[in-house]
Protein chains: 4
Amino acid sequence: MTTTADLQTVLSRCGIDLPRYSGHDISVHSPIDGAEIARLAALPVAQMPQVIDRATQAFEQWRLVPAPVRGELVRLWGEELRRAKADIGHVISCEVGKIVQEGLGEVQEGVDICEFAVGLSRQLHGKTIVSERPGHRIMEQYHPLGPVAIITAFNFPSAVFAWNAAIALVCGNPVIFKPSEKAALSGLATFKALERAIEQFGNRAPAGLAQIVLGTSDVAEALVDSPQIALVSATGSTPMGRTVGPKLAARFGKRILELGGNNAMVVTPAADLDLAVRAIVFSAVGTAGQRCTTLRRLIVHRDIKQALLDKLLPAYRSLRIGDPLQAGTLVGPLIDKASFDAMQHSIEQAQQQGGQLLAGGQRQLEQSFPHGFYVAPAIVDMPAQTAIVQHETFAPLLYVLSYDELAQAIALNNDVPQGLSSCIFSNDLREVETFLGAAGSDCGMANVNIGPSGAEIGGAFGGEKETGGDRESGSDAWKQYMRRTTNTINYSRELPLAQGIQFE
Amino acid sequence: MTTTADLQTVLSRCGIDLPRYSGHDISVHSPIDGAEIARLAALPVAQMPQVIDRATQAFEQWRLVPAPVRGELVRLWGEELRRAKADIGHVISCEVGKIVQEGLGEVQEGVDICEFAVGLSRQLHGKTIVSERPGHRIMEQYHPLGPVAIITAFNFPSAVFAWNAAIALVCGNPVIFKPSEKAALSGLATFKALERAIEQFGNRAPAGLAQIVLGTSDVAEALVDSPQIALVSATGSTPMGRTVGPKLAARFGKRILELGGNNAMVVTPAADLDLAVRAIVFSAVGTAGQRCTTLRRLIVHRDIKQALLDKLLPAYRSLRIGDPLQAGTLVGPLIDKASFDAMQHSIEQAQQQGGQLLAGGQRQLEQSFPHGFYVAPAIVDMPAQTAIVQHETFAPLLYVLSYDELAQAIALNNDVPQGLSSCIFSNDLREVETFLGAAGSDCGMANVNIGPSGAEIGGAFGGEKETGGDRESGSDAWKQYMRRTTNTINYSRELPLAQGIQFE
Amino acid sequence: MTTTADLQTVLSRCGIDLPRYSGHDISVHSPIDGAEIARLAALPVAQMPQVIDRATQAFEQWRLVPAPVRGELVRLWGEELRRAKADIGHVISCEVGKIVQEGLGEVQEGVDICEFAVGLSRQLHGKTIVSERPGHRIMEQYHPLGPVAIITAFNFPSAVFAWNAAIALVCGNPVIFKPSEKAALSGLATFKALERAIEQFGNRAPAGLAQIVLGTSDVAEALVDSPQIALVSATGSTPMGRTVGPKLAARFGKRILELGGNNAMVVTPAADLDLAVRAIVFSAVGTAGQRCTTLRRLIVHRDIKQALLDKLLPAYRSLRIGDPLQAGTLVGPLIDKASFDAMQHSIEQAQQQGGQLLAGGQRQLEQSFPHGFYVAPAIVDMPAQTAIVQHETFAPLLYVLSYDELAQAIALNNDVPQGLSSCIFSNDLREVETFLGAAGSDCGMANVNIGPSGAEIGGAFGGEKETGGDRESGSDAWKQYMRRTTNTINYSRELPLAQGIQFE
Amino acid sequence: MTTTADLQTVLSRCGIDLPRYSGHDISVHSPIDGAEIARLAALPVAQMPQVIDRATQAFEQWRLVPAPVRGELVRLWGEELRRAKADIGHVISCEVGKIVQEGLGEVQEGVDICEFAVGLSRQLHGKTIVSERPGHRIMEQYHPLGPVAIITAFNFPSAVFAWNAAIALVCGNPVIFKPSEKAALSGLATFKALERAIEQFGNRAPAGLAQIVLGTSDVAEALVDSPQIALVSATGSTPMGRTVGPKLAARFGKRILELGGNNAMVVTPAADLDLAVRAIVFSAVGTAGQRCTTLRRLIVHRDIKQALLDKLLPAYRSLRIGDPLQAGTLVGPLIDKASFDAMQHSIEQAQQQGGQLLAGGQRQLEQSFPHGFYVAPAIVDMPAQTAIVQHETFAPLLYVLSYDELAQAIALNNDVPQGLSSCIFSNDLREVETFLGAAGSDCGMANVNIGPSGAEIGGAFGGEKETGGDRESGSDAWKQYMRRTTNTINYSRELPLAQGIQFE
């Protein structure tokens, strides 16, 4: 095992002076072998007011820095991420168990979003609008919003921070980053790249522009509760969202919630089955099934179900499971034992609800890694969409359902409380467009001939229903990081009223 | 008094068969003379599930009706409103006490929004987006959302329903309208025009497409709590929003909250004082101070304060207060005694907090209208922005504050919990742009040389902070009435992954 | 024959006082029977300067009328068109020979575009843009352009004027309408509806806001040559565009050219052949093949060619050809003898170039209508895309070509000088998306499973290459009717230079 | 004189292997001292077909490379420009005489536009549009256009190529660059940076993606005339545009013309005169008056004219004129003797037309630089806007005009054939908004409190009237580099016709 030894060097190259963060509160383990790789100090919640005050003060200045200049900071960050890509990727692999390719891909998302945000920094377009009154005009402006808290989950410890921070910074907002305790080092490594960018950027960046808080849930709560935090962007479970959402609503704070997904693929008789199999494998077992966009439900037309399984099961059997740092590994470990137990529990439930385990489910490599939780990705054939299928199990567990008519497939796709991602495999235009149409998938993302995971940063990312309803990343998601203002300007010498009202 | 007699005829012309709605639950009074003008039956809350089911079923069909065809229904509604403008305006005047011009103006807003929505019905534009992968493309579509509940306040009993319903219908959503109990007839008159449009539109409109529920707060709560209601658009007080918002957040329901405002005008030495005085009078006393955008705080540069008051006080003294149906009246009655009492209480508080009553505040016309609550619009000079000034009193009560530097004026403008509307009177470009800029007014609307009230429907209407943070009416506010979906389409024979990930 | 008798009544109902326009210059014939239905005076070209001056003066006022108020005029016009729909449709049928349904459909396009333009009248959105300099902001405004000349062809004598004038008027521009001499009455009838709207609109419309000039090509040239005419929107042949375009370019005048089309349909093995046949028939023989978007080339996969022809030829044989005013007629007359001769000539050429006439081509009903030119829609099977196929023949003449690979079909589609409309019939997603993609159809319009003709007004209409390259009607085509201005506003007390230049 | 010696080193660092380009056709002189700095071979026009064919072939591949990947090439170019900024700036200074700051600023524009274009590379947004027909949808896509020719003038030898090429490349188009013969080396240096980027980018870039042609006007004509060149972006004089525009129109080629400007500043009594003076000096004498956006006309309110001149004339007198490579120099040489002669001629004309020379006009430093044409920037007070004032003289020659009413000032601003840039100095909101409004400046750019020159790349750059009417650089100018296509997709089993037409 070279992991731990290498890791210290890599962390140091990432600019993380580990002793500075050391403490007794947060124990970070590598899921690869279960070894503790760091023990960090948690920020006492009593210090949160100062943290938040610093961000508030930074906002006073940062909002007045021109957006293209703010973009220059984000450009520098992108350059730092590009430079540190291999190192940060390695930290991610060690800390959350992603295979090398996925660790690199996650950092690449950071690079991509920085470039996208730099482009935005000369746009942030509102509208000019014609007025019904002579000598008047209307315009809309988007202005900086205030401090943004970014609370992320373990499974995208780098990219989700980058998505949010790159846009937030360009939009004129300071950021406070609360990474998952399970992935604090990856968060830190990504944050350090930002710190280096800030250093190069110089004194145009106010103190307190970007802060990281390593801590436990009380720290996250302090951010959610503070009226000074204008926007909380929180990624995690639906129960978390159900707590955070109402708290923010009660104080009229803004939010971006990215919560659970229970993503389906519909495979129709008009599908390219080989393409479908490749997509299923990547999206169901990639990141060991621990993406919010992981494929969890396979809705196959009855006529092709067996043919699809005949291709899929061998593919599952040939998956290389093991040390994610090794070349050729496709499935790394689960994040921890709780995750493994939850998967076992779900398989049992599924079986009790009529399901038949077609593949996987067993623990792997227990001898080599007695404290690492590797599992063979599982497929369970279900007679119906029972309660357990409607529940998100954060592991490589794929349910198979069958359908006869497309309308049924769409109904199954939609009949879960979550609404993140979905896809259809078909080369039939009518099927495809129906799936994408008003009576089709009710998810925030609906793809065709690609799996539900692996979104590009150019589109808006997020989902409906219990997934939260908000969007981040591309398209016009930046608008959520700004406040909009409608301006009507009278430059005449008269005071006509709207709607033709006379009031004299 | 011709009000009541006339009213029956007018209601009948509006298509309201009063006996059909009669009951013992809701007593509607005219604020003009306090007379009861109708006694209506409230819908028992137990019937709400059926109401909501009807809307849910209507949605299944309506979402598939092409948007331009949906637009045709809204066009017909606009025509009906245009035709019934005088009548509905009259009902509004009788029921909530608006002067004739304002009653007409309110219906005109309905006409305007219908025309605007018809235009939208051939747009509802999403984006096509280039993909990073060969043989792929991305697009965003906006699809119908589901049943929309529209809960309105007494003060815009017609227009706020029209704003929401016109957009919601074009966007493919059925509507359920819960008007204020104090303004049920105005709501009903507006709704009847929609019913007539639906009748002409014929069987392309599913049953249950538009429903009105006359009832008490339990009916509104049923709408807020139902998971079938996709969007609740609620206009009212901040405490209401503080209840409704978290409930919706807890069930991941969408919302448009239009809550309290505490709108200020900054008058600088570079202002056209005559223009400012006219604007102050209209925006502070129009609708007897009962608009959410009513001017409540006047922030005047110390050097011109006296000059401004010297013009303003005589204008206030000359205001014609009285029967809103009479030509020439500018100030009608308050909605009820509670409103009058609240105003008196606020004046007292203001005086206790150092304020000096400069004008008005006394009850008027008590002899002629012993049960009508007419009041002389009040001006209170305040030494500082005390607690009462930060509080919204829904009556014609204007506080005067002074400032020395523009930055102070902006700080005063922003230092209230509400964030709806604001304005500056100045002909000085730097002052004006500073007020509109990133460090300027923090309100959803910031105007120049017009008062805070009287928005055109072309812009987005709504405010920040305790005002709710949402938008309705023009610009791209329609997006809140739809669900968005990001579609990535692979039409190649390959399955490249985003971010260049290799997974084989 | 009731045509002529009826027509006088209808014209009178359309508000056309025929004697007022009578003269000896322009002889209008009905293609139904070749009878002269009116003889009109042409405006002497010497009067064009006054016409143009009136428009120029009208512009001075109209540009300052708020856009939503301008929209009100267009709304009134739409109402007038709706009211006069049957009458104007009848005039169109009499004058250019469209069947009743198509005459009505053409007026409906006018109604639609008016509603669309009313919606635009509260938008005309430019952008607000962030600046790289502190205390600066950027915005773009769209302003009225100046007088717009609308020169139309005989085949859409009403809708094309409406498309252009509705948008032009809302954008703040006076219009001068030069209809085709062959369709002056239809133009006049449409224009009269606008005149009635202007009358209702009252004195907010300046004199000279909308003018019609009946005349010959010298009048059109006067418009093209006048530096006072800001925009010339001309519909007609490619040779016309080749003359007009350079003249406008030489004087830096703006233009919208809608020129020839040579529109193809690709039918693949994955097509719904019945749907395809219906689409072919409508788009190849509708308006007797005299739409700029008429289907002229059928590119069929070799494997299904015979099957398609087996369905298509009987459909062609069953077409009811005859008096367009009679219920059930699907194919009316050609506009005149020259058109008939050109078609005959093309058929001969095609045969000389290897083609085989599969259907039609013969004159019909010569006995009943010795001066009407009815023709059986023709189909010619071509061995290759020869010179005549690349040429637009404005008649119901459909060439059939075959292909083996989709890439060939696309190459054939693109290998003509025109670039207006195109379509593919296929239910195969890959085929469809390839056809719509970057290496697909090079036309301004590319449809799927609908014919090339019959565009909705919500999209931008127009084509590439010799079709002209410009757009009108929906989407953001309105921008061509306005001038844009980029405004950078410095409200600071400093004068920083862009790109960080120091200059002291 | 270190210029020439240094230059060889710098050119070599820029990657220019001078011998490779040497020949006898084009003699490049430094305006600093008139010395020949290179003698280059012109491409024989007979080779243009191959050049154009290479671009055409490159287009076949490049259009299919995903836009974000194309963006990566442009990102690399931006990096190369950033790295070579000082060197390319030096070449510009030597070759066209810009002062060091302006040379650097010009390269910075290239860097900026590359970053902007990278952002665009994940946007290139068309619209999705709702259809009036069930089971149909509409979308617009923007696709690559074809080879783009970029013909630039001497005065922005680097930035204008970068503006066009960065956008063109991201949009999927190969580029052919024809720099001014007077500034071939600066063009070459900028092009070389692109070549280096292409090399790093590797084989995803087809051969012929970017080509430079050093040559004379016949080479430019070959580009204008070739039907394979989809878009010609030409910067230069109005006479050039008057030739190029019609040629392109005749072959239906697309164009971006950036022609002459005659840019004015209005200074009102409400102006900050010190700010105005600084802006006048920079915008009138910067680049020795040889920007297309140079300030040429000063329109001052009569009441403040003397006060303004009292500040302006001393500023003019203190301008450091001389070797542009020397620190502190603000005014470098004119490009050549012809330019100097034209300026002298204009001054004479102006004097004959009533003007009074208030400052400058004389040749400077003739002793030190007998072959360099340095001139003292001139101010001529004019009694009226005579013919010479309406003419663009490409030199530091500023005319002063006076006005009494703002409307007069605007009329003067507009009463020239050109329409590029304009500005107003005023702190009076009404004046400013009037100037920016529908009846205000008719220029493509209208600024407030900054001069007419020095646009940021975020806005669209270009002008109306004889300036050409087109736009490049920021905002949505990218649309001109693409072809748009409207797609209507029927995924139903029916074939409804638009406008409700029945055709059975």
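**Domain layout and the helix 6 pairing**

Chain A is divided into domain 1, covering 3-259 + 468-485, and domain 2, covering 263-457. The model is predicted. Two topics follow: the contact between the domains, and the meeting of helix 6 of chain A with helix 6 of chain D.

**Annotation**
- In an unreviewed entry, UniProt lists residues 24-485 of chain A as "domain: Aldehyde dehydrogenase".
- That span, residues 24-485 of chain A, is 39% helix and 21% strand, and its end C-alpha atoms lie 47 Å apart.

**Domain 1 against domain 2 in chain A**
- The C-alpha centres of domain 1 and domain 2 of chain A are 30 Å apart.
- On the domain 1 side, 22 residues are in contact with 21 residues of domain 2 of chain A.
- Helix 5 (85-96) and helix 6 (100-120) of chain A each supply at least two residues of the domain 1 side.
- Helix 6 of chain A gives the largest share of that side, six residues.
- By class, the domain 1 side that touches domain 2 of chain A has eight nonpolar, seven polar and seven charged residues.

**Helix 6 of chain A against helix 6 of chain D**
- The axes of helix 6 of chain A and helix 6 (residues 100-120) of chain D come within 7 Å and cross at roughly 115°.
- The two helices are therefore roughly perpendicular to each other.
- The crossing of helix 6 of chain A and helix 6 of chain D is left-handed.
- From chain A, the helix 6 residues A:Glu115, A:Phe116, A:Val118, A:Gly119 and A:Leu120 meet D:Glu115, D:Phe116, D:Val118, D:Gly119 and D:Leu120 in helix 6 of chain D.
- This helix 6 contact between chains A and D has six nonpolar, two polar and two charged residues.

Terms used
Residues numbered from 1 in each chain as written. Chains lettered and ligands numbered in written order. Predicted model: local features only at pLDDT ≥ 70, side-chain atom pairs only at ≥ 80, totals over all residues. UniProt positions renumbered as here; feature names shortened; annotations may be inferred. Helix = DSSP H or I, 4+ residues; strand = E, 2+ residues; numbered from the N terminus. Domains from an automatic or database assignment. Contact = placed C-beta atoms within 7 Å. Nonpolar A, V, L, I, M, F, W, Y, C, P; charged D, E, K, R; others polar. Axes fitted to C-alpha atoms, helices over the stretch in contact; angles between N-to-C directions. Parallel < 35°, antiparallel > 145°, perpendicular 65-115°, else oblique. Left-handed = near helix turned anticlockwise from the far one by under 90°.
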